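Reader: Could you take me on a close look at one part of this model, the place where two helices meet, and then show me how that part fits into the rest of the chain? I would enjoy a connected account.

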Amino acid sequence: APPEEVEDASEPTKRDRSHLESTLKLNEEKPADDVSGVLQRLRKIYHSSIKPLEHSYRYNELRQHEITDGEITSKPMVLFLGPWSVGKSSMINYLLGLDNTPYQLYTGAEPTTSEFTVIMHGPKLKTIEGIVMAADSARSFSPLEKFGQNFLEKLIGIEVPHKLLERVTFVDTPGIIENRKQQERGYPFNDVCQWFIDRADLIFVVFDPTKLDVGLELEMLFRQLKGRESQIRIILNKADSLATQELMRVYGALFWSLAPLINVTEPPRVYVSSFWPHDYHPETHRDLFLKEEISLLEDLNQVIENRMENKIAFIRQHAIRVRIHALLVDRYLQTYKDKMTFFSDGELVFRDIVEDPDRFYIFKSILAKTNVSKFDLPNREAYKDFFGINPITSFKLLSQQCSYMGGCFLEKIEKAITRELPDLLGSIGLGKKPNVLSCDVTGCGETPKNRYRKP
């Protein structure tokens, strides 16, 4: 029964929350592993070894992804996506115990969440306007300004003094409403979703078993999740509102409708439970639902525990892309200088090179360098646009980017990729105790094991 009807009759029984506390280790007095030292070193490596090359070759104009200090120090982000009224806000209220507090997220049967709500840690309960969040460069949300003022009015932050939020940030999104024109939202909804998807460490896609309509907006969303499959967890919420047989059918139907949208060999992990504070409906599989919920919490805990490894890996991946971009621009410039004679028209010479880089072996010559995978090479077309805005003559060759004191930009980024970042990663691994609840037991790993594949 919907919560409104029950509450009139008598106060529904609340579920025991002790498994939440213990699985997420909320009562442990020990401070969460001190990561500030590692973060400082990571920032230092980024600023001294990666940023100069990124800046010099204007990498940001190719990828539109600038890494701010806020992003380096930010906590893992958990993103809630899915159709409207599937229980995304209720789930956040439940995990944080916000029910019946002034700051509970508003929930109801009709589409209620129209904002992107960021729930983060703060000393006391308070709300922050999106415009203020975007203006504060210490937070990692300043890049959101590019989506315009209309969007910032739809962005809201809530600070809550909760143990879990010291280690993770939640983002609640407006429900996907099928059969509705995008422009009615007044801001680029898909682009904003993409921004959050690119930065999320865990993406919960929530469904309600009573309404599984996979329409255009949801298809669009799954297209945007391409390449992030290992972060996706699918949640079949409100599972205790159906009889067992019905639930089995819905589970099958969900996979059937999602199969064309998720082209991966391993299906994403699906959690079947009811994430809200009220007790499970009588005569439903409460043991199963509780186990599923604990698995999901362990999954969340895993992301929190691995946050530094993920952050270092992310910065290293960024450095690899910056290095490849620098090598490419350097190669374009070298080719241009070789082709130029006293009488040449620089513009025509360069247009030739940009139109057909393969004729000059630009991309092939980069692959001959060490540690470059052909799958990491950017699109040739992207460089037409890039050089359209940034004339080739405004760049220097890599061999000229050296100083007596500071060394060479290329050497520094290569050292960061091959030595400094892996060493930093190793230094965290040493301090970690092996996790008692390893993923082999709980099955919370990135990819579920395929029991039918021959070893």
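Author: Happily, and let us start with the residues themselves. On the H3 side, Val38, Leu39, Leu42, Tyr46, Ile50, Leu53 and Glu54 make the contact; facing them from H13 are Met308, Lys311, Ile312, Ile315, His318, Ala319, Val322, Arg323 and Ala326. By character, the residues of this contact divide into 12 nonpolar, 1 polar and 3 charged. Please keep in mind that this is a predicted model.

Now for the geometry. Helix H3 covers residues 36-56 and helix H13 covers residues 307-339; their axes come within 10 Å and cross at roughly 10°. Because angles under 35 degrees count as roughly parallel, H3 is roughly parallel to H13.

From here we can follow both helices inward. The largest nonpolar core has 51 residues, and the members that touch the most others are Tyr332, Tyr383 and Phe387. H3 and H13 each give two or more residues to this core, as do H4 (59-63), H14 (346-355), H15 (362-367), H16 (380-389) and H17 (409-431). The largest share, 14 residues, is supplied by H13. Tyr332 is a good residue to centre your view on: beyond its neighbours within four places in sequence, Tyr332 is in contact with Phe350, Ile353, Val354, Pro357, Ile362, Phe363, Tyr383, Phe387 and Ile392. Two of the well-connected core members, Tyr383 and Phe387, are thus among the contacts of Tyr332. There is also a second, separate core of 47 residues, which includes Val171, Val192, Ala200 and Leu258.

Two loops that border these helices deserve a pause. Arg58 lies in the loop between H3 and H4, and its phi is near 50°, a positive value in a residue other than glycine. With a relative accessible area of 27%, Arg58 is partly exposed. Tyr361, in the loop between H14 and H15, also has a positive phi, about 55°, although it is not a glycine. At 51% relative accessibility, Tyr361 counts as exposed. For background, most residues other than glycine have a negative phi.

Two further loop residues let us look elsewhere in the chain. Val168 is found in the loop between strand S4 (155-160) and strand S5 (169-172), and at 0% relative accessibility it counts as buried. Not counting residues up to four places away in sequence, Val168 touches Lys75, Pro76, Val78, Leu300 and Ile304. Met120 is 48 residues from Val168 in sequence, with 7.5 Å between their C-alpha atoms. Ser142, in the loop between helix H7 (130-135) and helix H8 (149-152), is buried too, with a relative accessible area of 17%. Ser142 and Ile131 are 11 residues apart in sequence, and their C-alpha atoms are 9.3 Å apart.

Finally, here is the setting for all of this. The chain holds 18 helices and 10 strands, and 46% of its 455 residues count as buried. Of the contacts between residues at least 6 apart in sequence, 80% join residues at least 24 apart. The chain exposes about 23,700 Å², with carbon and sulfur atoms supplying 54% of that area.

Conventions:
Residues are numbered from 1 along each chain as its sequence is written. This is a predicted model: local features need pLDDT of at least 70, side-chain atom pairs count only at pLDDT 80 or more; totals for chains, interfaces and linings use all residues. Side-chain values use heavy atoms; hydrogens and water are left out. Helices (H or I, at least four residues) and strands (E, at least two) are DSSP runs, numbered from the N terminus. Buried means under 20% relative accessible area, exposed over 50%, partly exposed in between (1.4 Å probe, protein chains only). Contact means heavy atoms within 4.5 Å. Accessible areas come from the Shrake-Rupley method with a 1.4 Å probe; for residues, only the protein chains shown count as cover. Axes are lines fitted to C-alpha atoms, for helices over the stretch in contact, and angles run from 0 to 180 degrees between N-to-C directions. Angles under 35 degrees count as roughly parallel, over 145 as roughly antiparallel, 65 to 115 as roughly perpendicular and the rest as oblique. Ala, Val, Leu, Ile, Met, Phe, Trp, Tyr, Cys and Pro count as nonpolar, Asp, Glu, Lys and Arg as charged, and the others, Gly among them, as polar. A nonpolar core is a set of buried Ala, Val, Leu, Ile, Met, Phe, Trp, Tyr and Cys residues joined through side-chain atoms within 4.5 Å.
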